[in-house]
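User: Hey, can you walk me through this structure? I'd like to start with how you decide what is exposed.

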Amino acid sequence: MSDLSLHDIIRKRRMTRNFTEEPLAWEVIERIVDNARRGPTAGYSQGVAFVAVTDAATRARIAEIAGEEWYVKSGHEPFMSRAPLALIITTSEEIYHQRYNEPDKKAKGQEEIGWPIPYWHTDAGAAMMLALLSAVDEGLGSAFVGVYDPSELQRALGIPEEHLPIGIAFIGHAAPDVPSGSLKRGRRPLETVLHREKW
Ligand SMILES: Cc1cc2nc3c(=O)[nH]c(=O)nc-3n(C[C@H](O)[C@H](O)[C@H](O)COP(=O)(O)O)c2cc1C
């Protein structure tokens with residue numbers, strides 16, 4: 001773990017799209033996931049779970065599912081198969097329905113809440129952020145990528161159907177990478193996103 005402040009960790013974090021092949025000790029992986037599971041979850045439902053993959057052949061399959069070939073054709077390093085850890089973040093909608101049908105979450109005779117916001121997704125995002133920040137705290141780089149067909153990850157890793165993979169955090173020692181073209185957009189200035197007192 002580092003001596004960096006949270007302020008510095010947040011500013012140091014960026015999607016790192018290249019890694020060395022240096023493996024990660026399981027203690028490091030456990031610390032990252034232990035942090036990630038401490039995120040807030042609606043009703044303390046804790047529907048987020050993780051699959052940590054270090055096996056090279058399985059990582060290669062995950063990279064294939066995540067479309068590494070396209071990234072390489074676009075000028076990136078094969079950062080997905082190279083990362084010593086592929087951390088799949090999953091969330092279970094079912095666990096939230098179960099939790100919100102418990103007596104303290106439902107007034108007598110009332111229906112389960114209407115879920116205007118699917119909190120299983122917000123909670124998975126919070127866990128993802130904690131994993132990425134924890135990687136920085138461990139002196140590592142990370143890149144979160146989505147997959148077009150999460151069921152392929154479920155099949156490859158034996159993830160039960162109700163646990164939806166939201167994507168993969170590739171984590172390892174950072175190596176020189178090609179910056180994403182998206183960064184050219186620049187970060188929106190604070191004053192355009194901070195609405196003071198009212199929008
Ligand atoms: C929900 C989500 C999905 C993302 N999916 C991808 C992806 O599929 N591939 C990728 O290279 N980056 C992906 N990114 C990374 C973003 O492109 C990146 O966060 C953004 O460009 C800002 O760069 P930074 O995180 O390095 O500051 C994703 C980020 C988030 C939050």
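Analyst: Sure. A residue counts as exposed when its relative accessible area is over 50%, and as buried when that area is under 20%. Keep in mind that this is a predicted model.

User: OK, so in the pair Glu69 and Lys73, are both buried or exposed?

Analyst: Both Glu69 and Lys73 are exposed. Their side chains meet in a salt bridge, at 3.4 Å from N to O.

User: Where do Glu69 and Lys73 lie?

Analyst: Both are in helix H4, four residues apart, or about one turn of the helix.

User: Which residues are joined into one network by salt bridges that share partners?

Analyst: That would be Asp34, Arg37 and Arg38. Within that group, Arg37 pairs with Asp34, and their closest N and O atoms are 2.7 Å apart. Arg37 counts as exposed at 52% relative accessibility, while Asp34 is partly exposed, with a relative accessible area of 26%.

User: And how many salt bridges turn up in the whole structure?

Analyst: Eleven, from a search of the whole structure.

User: What about Glu152, which residue does it form a salt bridge with?

Analyst: Glu152 forms one with Arg61, and the closest N and O atoms are 3.4 Å apart. Glu152 sits in helix H8 and Arg61 in helix H3, so the pair ties together parts that are 91 residues apart in sequence. Both ends are partly exposed: Glu152 has a relative accessible area of 25%, and Arg61 has 33%.

User: Since H3 came up, which of its residues are buried?

Analyst: H3 covers residues 56-65, and Arg59, Ile62, Ala63 and Ile65 are buried there. They span an arc of only 160° around the axis, which puts them on the same side of H3.

User: Which exposed residues are on the face turned away from that buried side?

Analyst: Ala57 and Glu64 are the exposed residues carried by that face of H3.

User: What do the buried residues of H3 pack against?

Analyst: Quite a list: strand S1 (48-53), helix H4 (68-73), helix H5 (79-82), strand S2 (85-92), helix H8 (150-157) and strand S4 (163-172). One backbone detail goes with this helix: just after H3, Gly67 takes a positive phi of about 80°.

User: Let's move to H2. Which residues are buried there?

Analyst: In H2, residues 26-36, the buried ones are Val28, Ile29, Ile32, Val33 and Ala36. Their arc around the axis is only 125°, so they end up on the same side of H2. On the other side of H2, Glu27 and Glu30 are exposed.

User: And what covers the buried residues of H2?

Analyst: The cover includes S1, S2, helix H7 (119-137) and S4.

User: Changing topic: what volume does the largest pocket have?

Analyst: About 300 Å³.

User: Which residues line the largest pocket?

Analyst: The lining is made up of Arg13, Arg14, Met15, Arg17, Ser180, Ser182, Leu183, Arg185, Gly186, Arg187 and Arg188.

User: How many of the lining residues are nonpolar, polar and charged?

Analyst: Two are nonpolar, three are polar and six are charged. Arg13 and Arg188 are among the lining residues, and Arg counts as charged.

Notes:
Residues numbered from 1 in each chain as written. Predicted model: local features only at pLDDT ≥ 70, side-chain atom pairs only at ≥ 80, totals over all residues. Heavy atoms only, no water. Buried < 20%, exposed > 50% of the residue type's maximum accessible area, 1.4 Å probe, protein only. Helix = DSSP H or I, 4+ residues; strand = E, 2+ residues; numbered from the N terminus. Arc of directions from axis to C-beta. Contact = heavy atoms within 4.5 Å. Salt bridge = Lys/Arg side-chain N within 4 Å of Asp/Glu carboxyl O. 1 Å grid on protein atoms, 1.4 Å probe; cavity = no way out; pocket = protein on both sides within 12 Å on 5 of 7 lines; lining within 4 Å. Points joined across faces, edges and corners; volume = space filled by probe spheres on them.
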